[in-house]
Amino acid sequence: MKAHVLRSKPGEVLNVNPSAYVIINIVVLLSLVTAIVLLEYAVYIVAKKRGRNLTYKDVIRLQITALKSGIIDLARIFLLVAVMVLPLIALSLSTEYSILLLLDSSLGMAWSPFPVSAEVVISFLFLLADLVAVQYFFGKYGAVYKLLVAFHKRDDIKQLLGKHGKALEDILMGLGYGFVIYIMVILTFLVFFINSYTALSKIATGMVIMLLLGYVLPNNKYENAVRLIERIWKG
C-alpha cells in the first residue's frame, strides 16, 4: 500500500497511511510481551541464584498468586474508600436538597402539583429520613474520616490498626484517600456557600457544612471505625 504524503493546503485534513497505526499497535504489543517475558525470566534467574529449585512454571504460578493477592488488596482499599465516600457525597447532597425543598415549600414556593401543606409534609419527611441516615452513619462511623490523623497521634489507635500487620499500609492508604475526599467535599460546600446568590442556598449549604463538621470533629468512636475496617479486611 502506498503511503499518503503528509502535505495539505490550509483547511484540508491530513491523510495518514492506516497501516502505520497497525504497525505502531504491533510494536507496542510486542514490546509489552517482551517486557513481561524478560521480567519473568529475570525472576526465574534470581530464584535460581538464591538456590531455589524452581521451574519456570513455578515462577509463573508465584506471579499469578501475587497478582491475585494484589487484586484482592486493591479491592479492599477500593471498598474502604467507597464506604467512606459514597455515604458522604450521597447524604450531603440529599440533605442539602431536602433542606431546600422544605424552605421553598415553607415560603409557599411550589415545586410539585400538590398543595403547599402537602409539600411541607413531604419535604419534612424527606429531610427527616436524611437526618436519620446521617445520624446513623456519621454518628456511628464519623470518626473514620479522622482516623488517619488519630493514628499518628494516639498510641491506642496504632495498636488497634497495627494488628493487621502487612495490611496496615493498605488501610492507611484507603483512609488517606477518604480523608482527602472528605476535606474536598467540605471545601466544595464552602465555595458553594460563598458564591451562593440566594439566602436559601446559603442556609442549606451552611447546615450541611455544620452537619459534616459536627458529626466528625467531636466524634471519638474510633472503635466503631476500626471494626468497620476489620469487617472489610476479613470479608
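The legends below describe close-up views of a predicted model.

**Figure 1. The whole chain is built from helices, with no strands.** The chain holds eight helices and zero strands. Read along the sequence, the elements follow the pattern α-α-α-α-α-α-α-α. Of the 235 residues, 32% count as buried. The accessible surface of the chain comes to about 15,400 Å², and 70% of this area belongs to carbon and sulfur atoms. Among contacts between residues at least 6 apart in sequence, 64% join residues at least 24 apart.

**Figure 2. Five aromatic residues form one cluster.** The members of this cluster are F137, F138, Y141, Y145 and Y182. A search of the whole structure finds five aromatic pairs. One of them joins F137 and F138 in an edge-to-face arrangement, with 5.3 Å from centre to centre and 90 degrees between the planes. Both F137 and F138 are buried. The rings of F137 and Y141 also pair, with their centres 5.9 Å apart. Why is the pair of F137 and Y141 called tilted? The planes of the two rings stand at 55 degrees, and a pair counts as tilted because its angle is neither under 30 degrees, as in a stacked pair, nor over 60, as in an edge-to-face pair. F137 and Y141 are four residues apart in helix α3, so about one helical turn separates them. F137 has a relative accessibility of 11% and counts as buried. Y141 is likewise buried, with a relative accessible area of 8%.

**Figure 3. G139 in helix α3 touches residues from other parts of the sequence.** Helix α3 contains G139. With a relative accessible area of 11%, G139 is buried. Residues up to four places away in sequence aside, G139 touches V134, Y215, N219 and K221. G139 and N219 are 80 residues apart along the chain, while their C-alpha atoms are separated by 7.4 Å.

**Figure 4. Nonpolar residues form a patch at the surface.** V121, F124, L125, L128 and V132 make up this nonpolar surface patch of about 460 Å². V132 is placed in helix α3, which covers residues 116-141.

**Figure 5. T95 is a buried residue of helix α2.** Helix α2 spans residues 56-106 and includes T95. Is T95 buried or exposed? T95 has a relative accessibility of 1% and therefore counts as buried, since buried means under 20%. Leaving aside neighbours within four places in sequence, T95 is in contact with L127, D130, L131, V134, V208 and L211.

**Figure 6. A225 in helix α8 is buried and meets residues far away in sequence.** Helix α8 comprises residues 222-234, and A225 is one of them. A225 has a relative accessibility of 0% and counts as buried. Which residues does A225 touch, not counting residues up to four places away in sequence? The contacts of A225 are Y141, A143, V144 and L147. A225 and Y145 are 80 residues apart in sequence, and the distance between their C-alpha atoms is 8.8 Å.

**Figure 7. F179 in helix α6 is partly exposed.** F179 belongs to helix α6, which runs over residues 168-195. The relative accessible area of F179 is 25%, so this residue counts as partly exposed. Residues up to four places away in sequence are not counted here, and the contacts of F179 are then M84, Y145 and V149. F179 and V144 are 35 residues apart in sequence and 8.4 Å apart in space, C-alpha to C-alpha.

**Figure 8. Charged side chains take part in a salt bridge and in a contact with a ring.** How many salt bridges does the structure hold? The structure holds one salt bridge. In this salt bridge the side chains of R154 and D156 meet at 2.7 Å, N to O. R154 is partly exposed, with a relative accessible area of 33%. D156 also counts as partly exposed, at 33% relative accessibility. Elsewhere in the chain, the charged end of K202 sits over the ring of F193, 5.0 Å from the centre of the ring.

Technical notes
Residues are numbered from 1 along each chain as its sequence is written. Side-chain values use heavy atoms; hydrogens and water are left out. A salt bridge is a side-chain nitrogen of Lys or Arg within 4 Å of a carboxyl oxygen of Asp or Glu. Buried means under 20% relative accessible area, exposed over 50%, partly exposed in between (1.4 Å probe, protein chains only). Patches are made of residues with over 30% relative accessible area and no salt bridge: like charges are joined within 9 Å, nonpolar side chains (Val, Leu, Ile, Met, Phe, Trp, Tyr) within 5 Å. Accessible areas come from the Shrake-Rupley method with a 1.4 Å probe; for residues, only the protein chains shown count as cover. Helices (H or I, at least four residues) and strands (E, at least two) are DSSP runs, numbered from the N terminus. Rings of Phe, Tyr and Trp (its six-membered ring) pair if their centres lie within 6.5 Å; planes under 30 degrees apart count as stacked, over 60 as edge-to-face and the rest as tilted. A charge sits over a ring if NZ of Lys or CZ of Arg is within 6 Å of the ring centre and within 35 degrees of the ring normal. Contact means heavy atoms within 4.5 Å.
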